[in-house]
Amino acid sequence: MKQIICSLVLVLSLAGIARAENWPQWRGPAFNGSTTEAGLPETLSKTDNLLWSVDMPGVSSATPVVWGDKILASSLDAKTQKLIAMCISRIDGKVLWQHEVAEGFSKNDRNQMASPSPVTDGKSAYFYYGTGDLVAYDMDGKELWNRNIQKDHGAFHVQWIYGSSPLLYGGKLYIQVLQRDVTPDAVSYLLAIDPASGKDIWKRVRPSEAKGESKESYATPIPLEAKAGKQIVLIGGDAVTGHNPETGEELWRCGGWNPTKIDHWRLVPSPVAADDLIIACPPKGGKVFAVKSDMHGDITETGVAWKAKDFTSDVCVPLFYKGKLYVLDGDKKTITCVDPKTGEPKESGKLGGSEVFRASPTGADGKIYCMNEAGTVWVVSAEDLKTLSKTELGTGGKNSRSCVVAANGTVLVRTQDKLYAFGKK
């Protein structure tokens, strides 16, 4: 009997260690770039720990999402210029279904129409594109509904192509459109949609005193569950704002990083929740800062918990993992571990490489996965930021911008033209 009990304890312990977790949204199950996944490989190469790889139809900055054994991925077909919604088997890389959604005619060297990431709740999959096309499928690929946000709410006015991903949270699908007001009806807004029907629940205009391109944001809204209650947090237009998830009402606003109203400070990195603090990354070398989430009204002067002295991120979204904050400066190719309560740097690691980083870091199994635009992947220790492995997976070009995904025992890397799956065989 004693031996049986010991064996049972061992099995339960191993089950806890090997806990599988989905990756249902752009920044993962916790909305902060982290997962509880364990038992993942630290070496990712075309020979080590490679389970399979598959050619993708074309480039996309979107990050694949995972539910169970299904991977959902957006893409731009290089030949037809069509926007594609795909479902791929996590087991063997086979395409389970694929649909053409719309024309993806517009692109530039920084962005293209397939940049927003899909989201899923395991029952339905929602694909969104820079064209404003929003379509829902069941997990077998049957279309449930589709609509176009530009058609329903006016054209997007974003210089480098609209790129915000949708947020699925609390029974609502949230769409953020922060843009310049070139026409009277070109307002910035937060939109809540019924995921079942695709119909609007409410639209909340989000005002801004920013000028020109500084009104624009490529960020994605995130949820915050803090002592002050649940909130939806937006960033852009020279401000961070917290909103009531049920009504969209603005609860607080914190700005201050652009007092002279410079007109070309677009905002790229999404905010990150670090316990009860919101981490914000101002553009163009602005220092990262933390916002208190339990206040109301204009908290620009009173709501800043700390402000960084010397670390910044113009594009990459910081990672909050196991109580620590990791800020990747994609231009300097440096990652810094920070105490999220005080903003004090603890460790710093130089990644290097030939190209800049635009993909945000991923934390899993005591490791941090980072990829630069050339498709070179670094795996570093979350403890001391020492490089554990470095592998070149790119096949040319500088369009590898998807985040590395860790889900259900698999590490997924989406480069410019391929999707790789790694795991311990």
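A cavity here is a set of grid points where a 1.4 Å probe fits but cannot get out. With that in hand, these close-ups tour a predicted model.

**View 1. The largest cavity and its lining.** Rolling a probe the size of a water molecule over the atoms shows where empty space is left. In this model the count comes to one cavity of 30 Å³ or more. The largest cavity has a volume of about 90 Å³. Its lining is made up of 13 residues, and W26, R27, F31, T220 and P221 are the ones that lie nearest its centre. Sorted by class, the lining holds nine nonpolar residues, three polar and one charged.

**View 2. F31, a cavity-lining residue with a positive phi.** Most residues other than glycine have a negative phi. F31 has a positive value, near 65 degrees. Look for F31 in the loop between α1 (2–17) and β1 (50–55); F31 is also among the residues that lie nearest the centre of the largest cavity.

**View 3. The open sheet and its edges.** Five strands line up here in the order β14-β15-β16-β17-β21, forming an open sheet with mixed pairing. The edge strands, β14 (222–226) and β21 (297–298), each pair on one side only. For β14 the partner is β15 (residues 229–236), an antiparallel neighbour joined to β14 by five bridges. If you want a pair to zoom in on, try I222, whose bridge partner in β15 is V233.

**View 4. D275, at the start of the next stretch of chain.** D275 sits in the loop between β18 (272–274) and β19. Although D275 is not a glycine, its phi is positive, at about 60 degrees. Is the residue buried or exposed? Neither quite fits: D275 counts as partly exposed because its relative accessibility is 48%, and the partly exposed class lies between under 20% for buried and over 50% for exposed.

**View 5. The β19–β20 hairpin.** Strands β19 (residues 277–280) and β20 (residues 287–292) run antiparallel and are joined by four bridges. Within this pairing, I279 stands opposite A290 in β20. Six residues lie between the two strands of the hairpin, and K284 in the turn has a positive phi of about 55 degrees.

**View 6. β20 and its pairing with β22.** Strand β20 also pairs with β22 (residues 304–312), in the antiparallel sense and over four bridges. A handy place to centre this close-up is V291, which stands opposite V304 in β22.

Key:
Residues are numbered from 1 along each chain as its sequence is written. This is a predicted model: local features need pLDDT of at least 70, side-chain atom pairs count only at pLDDT 80 or more; totals for chains, interfaces and linings use all residues. Side-chain values use heavy atoms; hydrogens and water are left out. On a 1 Å grid over the protein atoms alone, a cavity is a set of points where a 1.4 Å probe fits but cannot get out, and a pocket is an open set with protein on both sides within 12 Å along at least five of seven lines; lining residues have an atom within 4 Å of a point. Grid points are joined across faces, edges and corners, and a volume is the space filled by probe spheres set on the points. Ala, Val, Leu, Ile, Met, Phe, Trp, Tyr, Cys and Pro count as nonpolar, Asp, Glu, Lys and Arg as charged, and the others, Gly among them, as polar. Two strands pair if DSSP finds at least two bridges between them. Buried means under 20% relative accessible area, exposed over 50%, partly exposed in between (1.4 Å probe, protein chains only).
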